[in-house]
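Student: Please take one part of this structure and go through it closely. I am new to it, so start with any term I will need.

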Amino acid sequence: MDETFEYVFPAIRGVQAGREYYVSMCPLKLLPKLFIFNEEELAPEFRAQRRLNRARIPRMARYVLENLESYAFSAITASIDGDTRFEPSTNGGHDALGKLHVGMTARFVINDGQHRRAAIERAMTEEPALSDEAIAVVFYRDQGLERCQQLFADLNRYAIRPTKSLGLLYDHRDWLAQMVKDVVLENDLFRDLVEMEKSTLSLRSRKLFTLSALYGATASLLVNLPDRSSDDWTDLVNRFWSRVADEVPEWRLVRARKMSAAEVRRDFIVSHGIALQSIGRAGNALIRKHPSDWETMLRSLRSIDWSRSNARLWEGRAMSGGRVSKAGNNITLTTNVVKEALGIDLTPEELRVEEAYKRGEFN
């Protein structure tokens with residue numbers, strides 16, 4: 001190996017499956033220079049990584065730029081196709097610490113993290129100070145296309161995205177998520193009845209709602225309402241869902257332990273995501289049209305028969321073949337029922353969907 005021209009990375013050496021690998025820190029400004037994308041239109045079987053999805057890059061770059069003091073990216077994994085040499089440190093006798101020497105003609109192939117690399121490059125064009133920061137890089141010695149493809153497959157084999165509810169639970173940047181979590185903790189109805197981690201409920205779950213469903217419904221409730229303070233938003237959301245609960249006897253029965261959450265979910269649709277979102281949508285129209293007396297008007301919710309056995313009303317709207325469905329126009333058709341009960345006029349789009357439903361176009 002010609003040591004005249006080479007890259008030198010401070011690194012930690014480790015062993016996995018009998019193969020050496022190295023962990024280093026790479027300044028962000030070097031990422032675009034070291035990891036160059038191969039833009040050739042190769043068939044998937046001849047590539048060592050997935051094709052770059054450029055539509056993801058602006059959103060990821062915006063995440064960095066909007067969170068300059070708290071963003072976090074996991075390590076990039078790359079294979080080195082070229083000469084490498086690890087030189088252990090002489091300080092302290094730790095042969096796992098040292099310097100990784102890589103020939104200048106070597107090629108770096110990203111096995112995992114090409115979207116992070118592209119997003120960082122874009123973010124640096126708007127915030128040059130990022131170039132002095134660093135990201136961890138895990139280096140493997142390249143052992144051919146087959147090994148690189150296998151490495152990509154192995155790295156992504158067990159990658160599972162967290163449920164939407166869990167993502168919202170741990171997201172402290174999303175003000176709406178934080179507000180919904182506060183309401184859950186403060187509201188007597190929701191406390192202990194909201195599943196905070198899972199986005200689906202098992203048949204025997206003691207929970208009545210999921211955090212993700214309540215979040216989506218609250219987002220629909222607040223669309224285009226006049227701006228107000230954070231405390232006022234929280235108070236509005238708390239009052240709205242408390243008043244809704246007053247008019248949904250099934251929810252009160254669960255709180256009073258006279259019915260189980262499982263029974264309500266089995267026999268009624270009112271605790272399912274489609275019902276919550278429809279109530280949120282209708283509530284938004286109600287608050288905008290009746291800002292001073294919307295709480296009183298919510299009494300009309302008690303006129304709705306939410307039972308699954310009421311198939312004449314719900315089949316084709318909130319249910320398909322007896323099962324709750326959020327596909328297509330189901331949310332709009334369910335919202336129409338809630339709006340009608342509240343005495344709120346339908347929008348032109350809602351009228352179009354309603355007329356199409358009555359003509360049997362969704363059957």
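Tutor: Two strands count as paired if DSSP finds at least two bridges between them. The model is a predicted one, and the part to look at is its open sheet of seven strands.

Start with the hairpin made by β1 and β2, which has two residues between its strands. One residue of the turn, Ala17, has a positive phi of about 50°. Strand β1 covers residues 6-16, and strand β2 covers residues 19-27. The two run antiparallel and are joined by six bridges. One of the pairs across the hairpin is Gly14 with Tyr21, its bridge partner in β2.

From the hairpin, the sheet can be followed both ways. Its full order is β4-β5-β1-β2-β7-β3-β6. On one side of the hairpin, β1 pairs with β5 (residues 97-103), again in the antiparallel sense, over seven bridges. Here Ala11 has Gly98 of β5 as its bridge partner. Beyond β5 in the order comes β4, an edge strand made of residues 84-88 that pairs on one side only.

On the other side of the hairpin, β2 meets β7 (residues 134-141), and these two strands are antiparallel with seven bridges. Two positions place this pairing in the sequence: Val23 lies opposite Val138 of β7, and Pro27 lies opposite Ala134 of β7. The next pairing has another sense, since β3 and β7 run parallel, joined by five bridges. Within it, Ala78 is set opposite Phe139 of β7. The pairing of the sheet is therefore described as mixed. In general, strands of a sheet pair through backbone hydrogen bonds, in either the parallel or the antiparallel sense. The order ends with β6, the other edge strand, at residues 107-112. On average, and with direction ignored, neighbouring strands of the sheet are turned by 40° against each other.

Next, the helices that meet the sheet. Helix α3, residues 114-126, packs on the sheet and touches β3 (76-81), β6 and β7. The direction of α3 makes about 110° with that of β6. Helix α4, residues 145-157, lies across β2, β3, β6 and β7. Relative to β6, α4 runs at about 30°.

Some of these elements also border the largest pocket, whose volume is about 1400 Å³. Edge strand β6 and helices α3 and α4 each give at least two residues to the lining, as do α2 (57-66) and α5 (164-169). The largest share, five residues, is from α2. In total 32 residues line the pocket, and those nearest its centre are Arg56, Arg59, Met60, Tyr63 and Arg161. By class, the lining holds twelve charged, eleven nonpolar and nine polar residues.

To sum up the path: the hairpin of β1 and β2 continues through β5 to β4 on one side, and through β7 and β3 to β6 on the other. At the β6 end, that edge strand is touched by α3, crossed by α4, and contributes to the lining of the largest pocket.

Terms used: Residues numbered from 1 in each chain as written. Predicted model: local features only at pLDDT ≥ 70, side-chain atom pairs only at ≥ 80, totals over all residues. Heavy atoms only, no water. Helix = DSSP H or I, 4+ residues; strand = E, 2+ residues; numbered from the N terminus. Axes fitted to C-alpha atoms, helices over the stretch in contact; angles between N-to-C directions. Contact = heavy atoms within 4.5 Å. 1 Å grid on protein atoms, 1.4 Å probe; cavity = no way out; pocket = protein on both sides within 12 Å on 5 of 7 lines; lining within 4 Å. Points joined across faces, edges and corners; volume = space filled by probe spheres on them. Nonpolar A, V, L, I, M, F, W, Y, C, P; charged D, E, K, R; others polar.
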